[in-house]
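Me: Please take a close look at one helix in this model and at what covers it. After that, follow the chain to other places that deserve attention.

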Amino acid sequence: NPLKLTESSGILYPYYFGDDPRVKLKNIKNIQSKTGDIFLCSYPKSGTHWIMEMVNMLVAGSIEHPTKFNFLDPMIISDQVLDSIPCPRIFQSHLRFNQLPASFLKRKGKIIYILRNPKDVSVSLYHFVQKEGRTKYTGKWDEFFQLFLNANVGYSSWFDHVLSWEREKEKGRHPIHFVFYEALQKDAVTELDRMSKFLSLNHPHSFLQSVAECSKFTKMRNQQYLYHPFPADVMDDNYIDYLFRKGIVGDWRTLFSEEQSMQLDEVCKAEMSDSKLAFSYE
Ligand code: A3P
């Protein structure tokens with residue numbers, strides 16, 4: 001696989017899952033949850049860092065709070081590491097619902113799931129895998145587009161990911177809140193208000209406005225503290241440039257041909273026929 005992925009139960013995983021992803025998946029499954037643990041889940045490149053910054057501020061009740069990016073998937077899972085994270089712990093993961101820690105699911109901990117339209121996700125991911133430390137993908141966009149459509153990328157199919165989370169939300173057995181990247185771009189304060197209420201935090205409008213302001217793309221891009229959770233040998237000096245690349249809706253137009261756009265629309269229609277989700281592309 002040109003993206004150096006490993007496979008387990010039909011799903012492909014990035015290099016940081018190791019040669020046998022089952023080991024890490026089991027370690028994650030067995031994490032002992034604590035009261036107040038929150039999960040931010042998403043398919044890669046859906047705006048996770050943005051939401052993480054916002055939720056950190058909401059939970060801390062302060063815009064001064066430095067972001068702790070507890071990205072579980074590449075983390076070394078040990079009691080020592082997990083216990084060193086101050087409570088309430090905010091974890092981020094690209095896994096599916098039923099892969100989250102069993103004790104967290106049993107406790108019915110809160111989950112925020114971030115969604116972004118698949119055209120912008122695929123373009124963002126294409127730029128990311130070219131620069132990402134150990135992947136350094138060298139293929140052309142046309143080749144990558146086929147990898148994405150055929151679920152030959154990390155965490156496999158975008159369609160399957162989104163659908164599986166939608167089904168879980170619809171069952172109504174677990175507190176799951178959906179946030180669309182495009183909605184955040186349009187009206188961050190309204191979305192922050194929804195997230196704040198979902199987390200049982202009742203922040204005043206003025207505070208939500210400050211959070212929206214302080215988590216703006218340019219602000220986050222210019223911050224000097226460390227966002228990237230990977231070991232130093234994997235981290236490239238330019239990581240800020242690819243984690244905070246453009247931060248807009250509609251950048252897919254720079255790479256998609258008319259035909260590719262139609263092809264993705266067709267696949268979306270076929271794969272998402274049971275879905276009630278509507279994505280905006282502009
Ligand atoms: P682009 O590559 O399209 O610019 P993730 O955090 O899930 O890896 O998602 C990365 C995408 O979110 C990138 O998209 C990045 O630029 C965008 N992003 C990061 N911070 C943002 C912010 N504060 N506002 C808007 N977009 C942001």
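Reply: Contact means heavy atoms within 4.5 Å. Helices (H or I, at least four residues) and strands (E, at least two) are DSSP runs, numbered from the N terminus. This is a predicted model, in which local features need pLDDT of at least 70, side-chain atom pairs count only at pLDDT 80 or more, and totals for chains, interfaces and linings use all residues. Residues are numbered from 1 along each chain as its sequence is written, and side-chain values use heavy atoms, with hydrogens and water left out.

Start with helix α6, which runs through residues 141–149. Its buried residues are Trp141, Phe144, Phe145, Leu147, Phe148 and Leu149. Buried here means under 20% relative accessible area, exposed means over 50%, and partly exposed is in between (1.4 Å probe, protein chains only). The cover over the buried residues of α6 includes three helices: α5 (118–131), α7 and α13 (258–271). After α6 comes Ala151, with a positive phi near 65°. For comparison, most residues other than glycine have a negative phi.

The loop between α6 and α7 holds Ser156. This residue is not a glycine, yet its phi is positive, about 55°. Ser156 counts as buried because its relative accessible area is 6%.

Next along the chain is helix α7, residues 158–171, where His161 is found. His161 counts as buried because its relative accessibility is 0%. Apart from neighbours within four places in sequence, His161 is in contact with Ser42, Tyr43, His94, Leu95, Arg96, Tyr113 and Tyr155.

Helix α9, residues 188–198, can be read in the way α6 was. Its buried residues are Ala188, Val189, Glu191, Leu192, Met195, Ser196 and Phe198. Their cover includes helices α2 (48–60), α8 (181–186) and α10 (205–214), together with strands β6 (110–115) and β7 (176–180). Ser200 follows α9 and sits in the loop between α9 and α10. Its phi is positive, about 60°, although Ser200 is not a glycine. Ser200 is exposed because its relative accessible area is 54%, whereas Ser156 is buried.

Leu201 belongs to the loop between α9 and α10 as well. With a relative accessibility of 22%, Leu201 counts as partly exposed. Leaving out neighbours within four places in sequence, its contacts are Leu58, Val59 and Ser196. Ser196 is one of the buried residues of α9. Leu201 and Leu40 are 161 residues apart in sequence, and their C-alpha atoms are 16 Å apart in space.

Now turn to the ligand. Which residues are the closest to it? Among the 19 residues that surround the ligand, the closest are Thr48, His49, Ser124, Tyr181 and Lys246; to be counted, a residue must have a heavy atom within 4 Å. Three distances to oxygen atoms of the ligand can be read off. A side-chain N or O atom of Ser124 is 2.6 Å from a ligand oxygen. In the backbone, an N or O atom of Gly247 lies 2.7 Å from a ligand oxygen, and for Ser46 the distance from a backbone N or O atom is 3.1 Å. On its own the ligand has 570 Å² of accessible area, and the protein covers 98% of that; such areas come from the Shrake-Rupley method with a 1.4 Å probe. The elements that give two or more residues to the shell around the ligand are α2, α8 and α11 (217–222). The largest share comes from α2, with three residues. Helices α2 and α8 also appear in the cover over α9.

A few remaining places complete the tour. The peptide bond from Cys87 to Pro88 is cis, with omega near -5°, while in general most peptide bonds are trans. Pro88 lies in the loop between helix α3 (79–83) and strand β5 (90–93). Asp241 is in helix α12, residues 239–243. Its relative accessibility is 34%, which means that Asp241 counts as partly exposed. In sequence Asp241 and Asp120 are 121 residues apart, and C-alpha to C-alpha they are 17 Å apart.

Asp274 is in the segment after α13, the helix that also helps to cover α6. Asp274 counts as exposed because its relative accessibility is 70%. Asp274 and Glu7 are 267 residues apart along the chain, with 27 Å between their C-alpha atoms.

Methods: A polar contact is a pair of N or O atoms within 3.5 Å; within protein, one must be able to donate a hydrogen and the other to accept it, and residues adjacent in sequence count only if both atoms are side-chain atoms.
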